[in-house]
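User: I want the reasoning behind the labels used for this protein. Keep the answers short.

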Amino acid sequence: MQVTRMDLDGTGSPMGLVGKILKAEPALTLPVPIEQLAHQLDIAEIRDLFADGFEGGLITDDARSSGFILVNHAARRGRRRFTIGHELGHFLMTTHKPPAGGFQCSRTDMRRWTDKEKGGAIRMEVEANEFAALILMPPPLWRAELAKFREPDLAQIVTLAGLFDVSKEAAARAYAQYSEEPVAVVVAKDGKIDKVYRDIARFPRLGVTTGAPMPANSLLFRAGRELNYPSSIAEARAEAWLESDWGKPPPGLYEQVFFQQNGFALIMLWAKLADEEEDDGWGEKTAKQRLQDRLAR
C-alpha cells in the first residue's frame, strides 16, 4: 500500500476520504484489507477491548500523529472489520474531536445512520459508520460486483457479504441502496420488524414501522423455516407493506425470506413500479404470469 494521510489532506467527508483512498490505491483488492489500511494511515496498533458495553474505541493524541484502535474481543469477523473501519473514520476526520479519554463507541453508536437528533456526538458516529460502510464496500467495486447479477435475490447478499467480508446485515444495507431494482431489505427478529433498509428516493413508502409485528400474511410465516437458505420469491400483498395514495393501487410487490439463527430473518421486498409495468405490458398479465416471466429471465 502507498496511500498516506497526505493524500487525504483537505477532505473531511466520508465519501471524500474514501474517494481519495481509492484514487491513491487503484488496485485495491477484495476484501478490502482494513487492518493493513489502518496501519498504513498511522494507526499504530489494533488491540482487543474487554470493556462491557462497548464495541470499539480510539485513542489518539491532540495532533493525531498516531492512534490506537480498540475492538470488542468477542466481535465476529464482519463486526470486527466494521468497528476498525468506524474507528479509522473517527481518526481520519479531523472535525471529530475526541472526548476526554478518547472515543468509546457502543453497539448503539454502530447502528446510527441518521443524525436526526442533531447532536455533534451523534453526527460523528453517523459519519464514522458511513466511512466504515464505504471503505469496506467501496461503491465502484460494489456496483461492479452487483452488475454481475440479474434479478434481485437474497442469495446475492450472502455472496456479496462473503466477497467483501462484511456481515450479512451490512451487505443488505448496501444492497438496498445500490440495487438497480427498487428493493428493500427488512431485518426481523422474533416476528417483529427490527430495521428496514431501502433507498427512499426509489422504493415506495412503507406502511410498517420498526418495532411493529411483521404483517400476518408475510412470507415469513408461510415459508419453510430452513436456516441459511433463501426461500423462493413469492408475490406479496402490497397493501400489507406499502402506503399508497387515495384511489391508487400500490405497485406489485414480491417477497423473499432468509431465515437466520436466534430468531433473525432477512426479508427482501421487491417493488414493480408502474412505469416498468407499462413498458413491457406488465399490467396486462396475471400475477402468476408476471412472476414466471421474471424467473425465466
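User: How many of the residues of the protein count as buried, in percent?

Analyst: This is a predicted model. Of its 297 residues, 47% count as buried. The label requires a relative accessible area under 20%.

User: What makes the protein as compact as a globular protein of its length?

Analyst: Begin with the make-up: ten helices and nine strands. The radius of gyration is 21 Å, and the globule rule gives 19 Å for 297 residues. Those values are close, so the protein is as compact as a globular protein of that length. The C-alpha trace spans about 65 × 40 × 35 Å along the principal axes.

User: What do the contacts and the surface add?

Analyst: Take contacts between residues at least 6 apart in sequence: 57% of them join residues at least 24 apart. The exposed area is about 14,900 Å², and carbon and sulfur atoms supply 50% of it. As for charge, there are 38 positive and 42 negative charges, and their mean positions are 2 Å apart.

User: Why is Leu 253 called buried?

Analyst: Its relative accessibility is 1%. The cut-off is under 20%. Leu 253 therefore counts as buried. The residue lies in strand 8, residues 252-259. Its contacts beyond four places in sequence include Phe 203, Trp 241, Leu 242, Leu 269 and Trp 270. Leu 92, by contrast, is 161 residues from Leu 253 in sequence and 42 Å away, C-alpha to C-alpha.

User: Why is Thr 83 called buried?

Analyst: Thr 83 has a relative accessible area of 0%. Set that against the limit of under 20%, and the label buried follows. Thr 83 is in helix 3, residues 77-92. Leaving out residues up to four places away in sequence, Thr 83 touches Glu 55, Gly 56, Leu 70, Val 71 and Met 110.

User: Why is Asp 62 exposed rather than buried?

Analyst: Asp 62 reaches 83% relative accessibility. Exposed means over 50%, so Asp 62 counts as exposed. Asp 62 sits in the loop between strand 2 (56-60) and strand 3 (67-72). Pro 98 is 36 residues away in sequence, yet the two C-alpha atoms are 8.7 Å apart.

User: Which residues touch the most other members of the largest nonpolar core?

Analyst: They are Leu 88, Phe 131, Trp 142 and Tyr 175, in a core of 60 residues. Trp 142 touches Met 137, Leu 160, Phe 164, Ala 171, Ala 174, Tyr 175 and Tyr 178, with residues up to four places away in sequence left out. There is also a second, separate core of 23 residues, with Ile 193, Val 208, Ala 236 and Leu 269 among them.

User: What do the buried residues of helix 7 pack against?

Analyst: They pack against helix 4 (120-136), helix 5 (139-146), helix 6, strand 5 (183-189), strand 6 and strand 9 (264-272). The buried residues of helix 7 include Ala 171, Ala 174, Tyr 175 and Tyr 178.

User: What makes the phi of Asp 165 notable, and is the residue buried or exposed?

Analyst: Asp 165 has a positive phi of about 55 degrees, although it is not a glycine. Most residues other than glycine have a negative phi. Asp 165 has a relative accessible area of 14%. That is under 20%, so Asp 165 is buried. Its place is the loop between helix 6 (154-164) and helix 7 (168-178).

User: Why is Asn 228 called partly exposed?

Analyst: Its relative accessible area is 43%. Partly exposed covers the range between the 20% and 50% cut-offs, so the label applies to Asn 228. Asn 228 also has a positive phi, about 60 degrees, and is not a glycine. Asn 228 is found in the loop between strand 6 (192-198) and strand 7 (234-235).

User: What is the omega of the peptide bond from Leu 30 to Pro 31?

Analyst: Omega is near -10 degrees, and the bond is cis. Most peptide bonds are trans. Pro 31 is in the loop between helix 1 (14-24) and helix 2 (34-40).

User: Why is Leu 30 called partly exposed, and which residues is Leu 30 in contact with?

Analyst: Leu 30 has a relative accessible area of 28%, so the residue is partly exposed. Beyond four places in sequence, Leu 30 is in contact with Leu 141, Glu 145, Leu 163 and Phe 164. The C-alpha atoms of Leu 30 and Asp 165 are separated by 8.2 Å, with their positions 135 residues apart along the chain.

Technical notes:
Residues numbered from 1 in each chain as written. Predicted model: local features only at pLDDT ≥ 70, side-chain atom pairs only at ≥ 80, totals over all residues. Heavy atoms only, no water. Helix = DSSP H or I, 4+ residues; strand = E, 2+ residues; numbered from the N terminus. Rg over C-alpha atoms; globule rule 2.2 N^0.38 Å. Buried < 20%, exposed > 50% of the residue type's maximum accessible area, 1.4 Å probe, protein only. Contact = heavy atoms within 4.5 Å. Areas by Shrake-Rupley, 256 points an atom, 1.4 Å probe, with all protein chains shown as cover. Lys, Arg positive; Asp, Glu negative; His and termini not counted. Charge placed at Lys NZ, Arg CZ, Asp CG, Glu CD. Core = buried A, V, L, I, M, F, W, Y, C linked by side-chain atoms within 4.5 Å.
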